[in-house]
Amino acid sequence: MANGPPTRNLLRIVLDNFLKSFRPRQMKGDYVGEDYFGNKYYEIPADPSVGRRRASRWFEPTAKEAYDQEITAEWEAWLRGRRKEPPTEQELLKNLAIIKMKERNAAELEAKYSKPKDAAALEQQKTGMGSFPQYDEYEVMPGKGKHEK
């Protein structure tokens, strides 16, 4: 059977992959940039010769283990692979200025057009049974007359 077709040893493949899973992954990438929140961004470039078709991209937040914090839209697009080149500092600063301008304009519009809220003018919310609509053709309580309590 030495000349027979090559066979795959499934158990060997599973065992090799299991043992490879214990090896530490390469998490040392090239530093790419930093945003104005202080997050640092890294990349391991794509290398098809070793089976890596896409670049690995990640970020390290300012507070360790705080991966749910906010990141800028430009950096998020780069992390997800929607843009090839990382954002430049000029682009980030320009978009930050636009954000600040919009916040300032929104505050001015709010101050200009907001009316003082009068407590008496606000309609009181009904609670309990009074909050449901009552119709003349239906009983409020079963067995009782119309609108009797």
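A residue counts as partly exposed when its relative accessible area falls between the buried class, under 20%, and the exposed class, over 50%. Keep that in mind as you click around this predicted model.

Start by selecting Y31. With a relative accessible area of 45%, Y31 is partly exposed, because that value sits between the two cut-offs. Now add Y42, which is buried at 15%.

Show both side chains. This is one of the 7 aromatic pairs in the structure. The ring centres of Y31 and Y42 lie 5.8 Å apart and the planes meet at 70°, so you're looking at an edge-to-face pair. The two residues are 11 apart in the chain and link distant parts of it: Y31 belongs to strand 1 (residues 30-34) and Y42 to strand 2 (residues 40-44).

Next, pick Y36 and F37. Their ring centres are 5.0 Å apart with planes at 50°, so this pair is tilted. Y36 is partly exposed at 35%, and F37 is partly exposed too, at 36%.

Then select Y41, F59, W75 and W78 together: they make up one aromatic cluster.

Leave W75 and W78 on screen and add P86, in the loop between helix 2 (73-79) and helix 3 (89-113). Leaving aside residues up to four places away in sequence, P86 touches W75, W78 and V32. P86 and V32 are 54 residues apart along the chain, yet their C-alpha atoms are separated by 7.4 Å. P86 itself is partly exposed, at 23%.

Last stop: L15, F18, L19 and F22, which make a nonpolar surface patch of about 430 Å². Zoom in on L19 in helix 1 (residues 10-20); L19 is partly exposed at 47%.

How values were computed: Residues are numbered from 1 along each chain as its sequence is written. This is a predicted model: local features need pLDDT of at least 70, side-chain atom pairs count only at pLDDT 80 or more; totals for chains, interfaces and linings use all residues. Side-chain values use heavy atoms; hydrogens and water are left out. Patches are made of residues with over 30% relative accessible area and no salt bridge: like charges are joined within 9 Å, nonpolar side chains (Val, Leu, Ile, Met, Phe, Trp, Tyr) within 5 Å. Accessible areas come from the Shrake-Rupley method with a 1.4 Å probe; for residues, only the protein chains shown count as cover. A salt bridge is a side-chain nitrogen of Lys or Arg within 4 Å of a carboxyl oxygen of Asp or Glu. Helices (H or I, at least four residues) and strands (E, at least two) are DSSP runs, numbered from the N terminus. Buried means under 20% relative accessible area, exposed over 50%, partly exposed in between (1.4 Å probe, protein chains only). Contact means heavy atoms within 4.5 Å. Rings of Phe, Tyr and Trp (its six-membered ring) pair if their centres lie within 6.5 Å; planes under 30 degrees apart count as stacked, over 60 as edge-to-face and the rest as tilted.
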